[in-house]
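Welcome to a short set of exercises on reading a protein model. Have a look at the structure first, then try each task before you read the solution.

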Amino acid sequence: MSIPDELLVDIADLVESEHSNQMSLTVVVGGAVITGRLAPEALWRRRVAEVLKDSDRLGPFAAAFVSPETDSGPPLKSGPPTHLHFHLARILQGSLGLPETGGMYRIALADVSAWTVGDLSYSDS
């Protein structure tokens, strides 16, 4: 496992401490380009749990992300963040961003080989 970029860890830590979901970021992971907005882990967990709860087949998995009693997930680890939590994110493939509406991705900081600030998008022109 590689050592995460310290600046990227600092950005992830700011997102966690400010509880903001407005930081746009584009990363390269295993050759895939993923672009979207970062979210604090607790917010990301709640959103994933909401999607899972609405599914007849996947509803039971919501508990792994958020406890119904506390509306929060398992206790978050202390120390610097180890993962980026994207929402409204797309995997860029040619001139397409998949999924079109954006998805929820959790990416290990140590797996990021390149990154830039901002949300990349394509135009058809």
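## Exercise 1: The sheet

Task: Start from one bridge and work out how the strands are arranged.

Solution, step by step.

1. Leu-84 has Ile-107 of S4 as its bridge partner. Strands here are DSSP runs of E with at least two residues, helices are runs of H or I with at least four residues, and both are numbered from the N terminus. Two strands count as paired if DSSP finds at least two bridges between them.
2. Before going further, note that this is a predicted model, where local features need pLDDT of at least 70 and side-chain atom pairs count only at pLDDT 80 or more, while totals for chains, interfaces and linings use all residues. Residues are numbered from 1 along each chain as its sequence is written, and side-chain values use heavy atoms, with hydrogens and water left out.
3. Now list the pairs. S3 and S4 are antiparallel and share 8 bridges. S2 and S3 are antiparallel too, with 5 bridges, and Arg-37 stands opposite His-87 in S3. S1 (residues 24-29) and S2 (residues 32-38) run antiparallel and are joined by 6 bridges; Leu-25 has Gly-36 in S2 as its bridge partner.
4. Put the strands in order: the open sheet of 5 strands reads S4-S3-S2-S1-S5, with antiparallel pairing. S4 and S5 (112-117) are at the edges with a single partner strand each, so one side of each has no neighbour in the sheet. From one strand to the next, the twist averages 35°.

## Exercise 2: The whole chain

Task: Which pattern of helices and strands does the protein chain follow along the sequence?

Solution, step by step.

1. Count the elements: the protein chain has 3 helices and 5 strands.
2. Read them in sequence: the pattern is α-β-β-α-α-β-β-β.
3. Look at burial: of the 125 residues in the protein chain, 34% are buried. Buried means under 20% relative accessible area, exposed means over 50%, and partly exposed lies in between (1.4 Å probe, protein chains only).
4. Look at contacts, meaning heavy atoms within 4.5 Å. Among contacts in the protein chain with a separation of 6 or more, 59% join residues 24 or more positions apart.

## Exercise 3: Two helices and their buried sides

Task: Find where the buried residues of H1 and H2 sit, and what packs against them.

Solution, step by step.

1. Recall the helix rule: an α-helix has 3.6 residues a turn, so residues three or four places apart point the same way.
2. Check the length of H1. Its 13 residues reach 18 Å from first C-alpha to last, close to the 18 Å expected at 1.5 Å a residue; the expected span is 1.5 Å times one less than the number of residues.
3. List its buried residues: Leu-8, Val-9, Ile-11, Ala-12, Val-15 and Glu-16 are buried in H1. They fall within an arc of 160° seen down the axis of H1, so they line one face of the helix. The arc is taken from the directions from the helix axis to the C-beta atoms.
4. Turn H1 around: the face away from the buried side carries the exposed residues Glu-6, Leu-14 and Glu-18. The buried residues of H1 pack against S1, S2, H2, S3 and S5.
5. Repeat for H2 (residues 41-53), where the buried residues are Glu-41, Trp-44, Arg-45, Val-48, Ala-49 and Leu-52. They cover an arc of only 135° around the axis, which puts them on the same side of H2. Their cover includes H1 (6-18), H3 (62-65), S3 (83-93) and S4 (96-108).

## Exercise 4: Backbone details in S3 and S4

Task: Which peptide bond is cis, and which residue other than glycine has a positive phi?

Solution, step by step.

1. The bond from Leu-98 to Pro-99 is cis, with omega near -10°. Pro-99 is in strand S4.
2. Leu-88, in strand S3, has a positive phi near 55° and is not a glycine. At 37% relative accessibility, Leu-88 counts as partly exposed.
3. Compare with the hairpin of S3 and S4: there are 2 residues between the strands, and Gly-94 takes a positive phi near 60°.
4. Finish with Glu-100 in strand S4, which at 76% relative accessibility counts as exposed. Glu-100 and Arg-90 are 10 residues apart in sequence and 7.0 Å apart in space, C-alpha to C-alpha.

Technical notes
Axes are lines fitted to C-alpha atoms, for helices over the stretch in contact, and angles run from 0 to 180 degrees between N-to-C directions.
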